[in-house]
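User: Hi! Could you walk me through this model in a few questions and answers?

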Amino acid sequence: MCGNNETGTAEIIRRMVDYSEGNLHDINHFMKVYGFARTIGLCENLPERDQKTVEIAAVLHDIACPLCRRKYGNTNGKHQEEEGILLAREFLKPFQLPEEMKERVVWLVGHHHTLTGIDGADYQILIEADYLVNADESGYSRENIRKMCEKVFRTGTGRALLHSMYLSQK
């Protein structure tokens, strides 16, 4: 256990690293998404409870990837959402978090590839943080990035990061 705080995000990260069974791509991916989610949330002055929720969701968002690779041979977003709900719920059981926070994290994991009906700052930030990482890892085109910025990104911080990283002339 990390320190004395059973509900700390650091302990969730440590356990998620164990859960990833040495898959460095998966570990690096969720750590980058966590970093962007944390940064966007803090810069957007997210309330503390929502900040913790989005940080935990960022760590767990791709929890279904190993299962999806085995079961389907790929990490299709819809499969991740479907399979991730039960996996995230089970993963969070030992943590002393409020039940409504656990359920929101599980819900976010089950919707992190759904770009419609975004219903909260935590959801918006998770979508933006994941996209910031995926744009690099998947080599998205400048046009794809520009359209995503126009149609989906809503936070000032997320938009600024997207512009600085991918849309400003170098």
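What follows is a short exchange on helices, salt bridges, the nonpolar core and aromatic pairs.

User: Before we start, what should I know about the model and its numbering?

Analyst: Happy to help! This is a predicted model, in which local features need pLDDT of at least 70, side-chain atom pairs count only at pLDDT 80 or more, and totals for chains, interfaces and linings use all residues. Side-chain values use heavy atoms, with hydrogens and water left out, and residues are numbered from 1 along each chain as its sequence is written.

User: How far does helix H3 reach from its first C-alpha to its last?

Analyst: Helices here are DSSP runs of H or I with at least four residues, numbered from the N terminus. H3 covers residues 48–60, which is 13 residues. The expected span is 1.5 Å times one less than the number of residues, and for H3 that is 18 Å. The model comes close to this, with a reach of 19 Å.

User: Which helices do the buried residues of H3 pack against?

Analyst: Buried means under 20% relative accessible area, exposed means over 50% and partly exposed lies in between, with a 1.4 Å probe and protein chains only. The buried residues of H3 include Gln51, Val54, Ile56 and Leu60. Their packing partners are H1 (9–19), H2 (24–43), H5 (77–92), H6 (99–109) and H7 (121–137).

User: Which residue forms a salt bridge with Arg14 at 3.0 Å, N to O?

Analyst: A salt bridge needs a side-chain nitrogen of Lys or Arg within 4 Å of a carboxyl oxygen of Asp or Glu. Arg14 is partly exposed at 33% relative accessible area, while its partner counts as buried at 1%. The two are three residues apart in helix H1, so about one helical turn separates them. The partner is Glu11.

User: How many residues apart are Glu100 and Arg49, whose side chains meet in a salt bridge?

Analyst: The side chains of Glu100 and Arg49 meet at 2.5 Å, N to O. This pair links distant parts of the chain, with Glu100 in helix H6 and Arg49 in helix H3. Their separation is 51 residues.

User: Is Glu83, the salt-bridge partner of Lys71, buried or exposed?

Analyst: The closest N and O atoms of Lys71 and Glu83 are 2.7 Å apart. Lys71 counts as exposed, at 51% relative accessibility. Glu83 has a relative accessible area of 15%, so Glu83 is buried.

User: Which element gives the most residues to the largest nonpolar core?

Analyst: A nonpolar core is a set of buried Ala, Val, Leu, Ile, Met, Phe, Trp, Tyr and Cys residues joined through side-chain atoms within 4.5 Å. The largest one has 45 residues, and Ile12, Ile56 and Phe91 are among those touching the most other members. Elements giving two or more residues include H8 (142–151) and H9 (156–167). With nine residues, the top contributor is H7.

User: What kind of aromatic pair do Trp107 and Tyr123 form?

Analyst: Rings of Phe, Tyr and Trp (its six-membered ring) pair if their centres lie within 6.5 Å; planes under 30 degrees apart count as stacked, over 60 as edge-to-face and the rest as tilted. The model has five aromatic pairs by this rule. For Trp107 and Tyr123, the centres are 5.1 Å apart and the planes lie at 90°, so the pair is edge-to-face.

Notes:
Contact = heavy atoms within 4.5 Å.
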